[in-house]
Amino acid sequence: MEFKVSKEFIHQLEELINKKNDSELEVLLNDLHHADIAEILDELDFDEATYIFKVLDSDKTAEILLELEEDLRENILSRLSPKEIAEELDELETNDAADIIAELSQEIKAEVISEILDVEHAKDIVDLLRYDENTAGGLMGKELVKVNENWNVLTCVKEMRIQAENVSRVHSIYVVDDENRLKGRLSLKDLLTSSTKTQIGEVYIRKLNFVNVDTEDVEVARIMQKYDLEAIPVVDELGRLVGRITIDDIVDVIKEEADKDYQLAAGITQDVESNDSVYELTKARLPWLLIGMVIEIVASFVLKGNEATFQKYSTLIIFVPLLSATAGNIGVQASAIVVQGLANGTLKDFSRAYFTKEITVSMISGSIISLLLLCYHSIMYQQYLVGFAISISMIVVILFAATLGTLVPLFLNKNKIDPAIATGPFITTTNDVFGIMLYFGVANLILGF
């Protein structure tokens with residue numbers, strides 16, 4: 001059952017902190033999951049959170065560190081000595097420890113590394129720090145189980161027992177040669193059913209998914225999602241096994257990418273969170289608002305240029321908001337499906353079949369909307385030719401919006417620009433200008449004005 005932080009629980013904690021009752025604090029918190037404790041600490045002020053953090057054992061607090069909000073984690077780390085931070089990192093897997101160290105200043109970073117008792121652990125962390133955080137090298141951990149293809153089953157089992165002591169979860173057993181080059185993976189079933197004298201080279205599986213240290217994190221996520229992998233090995237330029245990436249790290253990547261795309265779709269140009277400063281939030285949100293303002297000013301000039309038309313046919317101007325909203329919705333719907341297809345790999349480039357399908361869907365939707373609009377206009381205003389002009393204009397604008405919504409994300413993706421930007425203000429504001437131009441252009445043509 002999921003733990004819920006209540007005001008009563010927080011009040012109880014604050015009382016124990018004020019009384020410096022460490023033993024009861026430990027009893028109260030020790031049975032909770034580290035993610036729940038992190039949520040509790042986020043509800044407390046910095047001093048209280050730091051006090052609890054120092055009361056709990058390192059094997060608990062190390063995992064809590066990873067779950068904390070960035071500001072709170074930074075504040076707590078600033079109140080710990082390099083030795084205390086090193087004690088926390090000793091309890092973490094190498095990739096998680098590297099993520100924590102990467103947030104420290106250069107001076108503190110060197111001191112912390114020097115305080116890590118496990119020299120091999122420290123070397124692995126330093127090795128991981130040289131990779132870009134958005135690559136497989138920046139995601140991978142060094143903890144894994146590997147066996148040599150020249151070993152027999154008996155030797156393999158003995159070595160695996162030693163290696164498994166430093167690995168929290170054994171997802172796969174990787175097979176390497178004498179140069180540590182990745183050759184394949186070993187099935188646990190094959191290991192258990194083979195003779196102890198059987199060479200590993202005779203039973204391991206050669207077909208194996210792997211990624212290079214420089215592979216982008218989103219590509220790693222795509223591969224693991226496609227093949228339903230719990231872990232994937234990472235190799236260097238020479239094909240040597242250097243680490244593995246587990247599914248929990250990929251879930252974080254997928255979440256971050258989804259958050260970024262959601263913000264881009266809303267017209268937010270930088271990665272921000274709700275607890276960022278007013279300045280950071282304004283800086284991230286203002287650019288598209290300004291661009292939108294400029295585009296809408298252009299739209300106003302288009303309206304002004306058709307002033308004579310809607311003075312004679314006044315109902316034309318009444319349906320401009322409907323036109324803008326409908327075209328915007330159609331464009332966003334079309335672009336959202338394309339962006340989704342690009343993200344999950346079902347759509348890689350321009351497809352004539354897909355484009356035809358999207359235009360057909362938009363044509364059917366536009367025809368239904370336009371027919372209803374024609375009926376409404378005819379009943380309300382009895383201006384049948386004007387109603388016909390509005391309806392045909394609506395179909396043309398909807399087809400344009402669908403075309404724009406389909407092609408723009410593909411164009412952006414081809415030019416290495418995040419296509420998610422096309423699912424928000426870019427499409428809606430662009431549709432406003434060109435939609436109004438098409439609307440009055442078609443209406444003028446039909447009405448002979």
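Helix H12 (residues 153-164) lies across strands S1, S2 and S3 and runs at about 155° to S1. The model is a predicted one, in which local features need pLDDT of at least 70, side-chain atom pairs count only at pLDDT 80 or more, and totals for chains, interfaces and linings use all residues. Residues are numbered from 1 along each chain as its sequence is written, and side-chain values use heavy atoms, with hydrogens and water left out.

**The sheet beside H12**
- Strands S1, S2 and S3 form an open sheet in that order, with mixed pairing (two strands pair if DSSP finds at least two bridges between them).
- The edges are S1 (145-148) and S3 (182-186), each of which pairs on one side only.
- Neighbouring strands are turned by 35° against each other on average, direction ignored (axes are lines fitted to C-alpha atoms, for helices over the stretch in contact, and angles run from 0 to 180 degrees between N-to-C directions).
- S2 (residues 173-176) pairs with S3 in the antiparallel sense over four bridges; Ile173 has Leu186 in S3 as its bridge partner.

**Ser362**
- Ser362 is located in helix H21 (residues 352-381).
- Ser362 counts as buried because its relative accessibility is 3% (buried means under 20% relative accessible area, exposed over 50%, partly exposed in between, with a 1.4 Å probe and protein chains only).
- Leaving aside residues up to four places away in sequence, Ser362 touches Ile330, Ile398, Leu399 and Ala402 (contact means heavy atoms within 4.5 Å).

**The whole chain**
- The protein chain holds 23 helices and six strands (DSSP runs, H or I of at least four residues for helices and E of at least two for strands, numbered from the N terminus).
- Of its 449 residues, 45% count as buried.
- The C-alpha trace spans about 90 × 65 × 40 Å along its principal axes.
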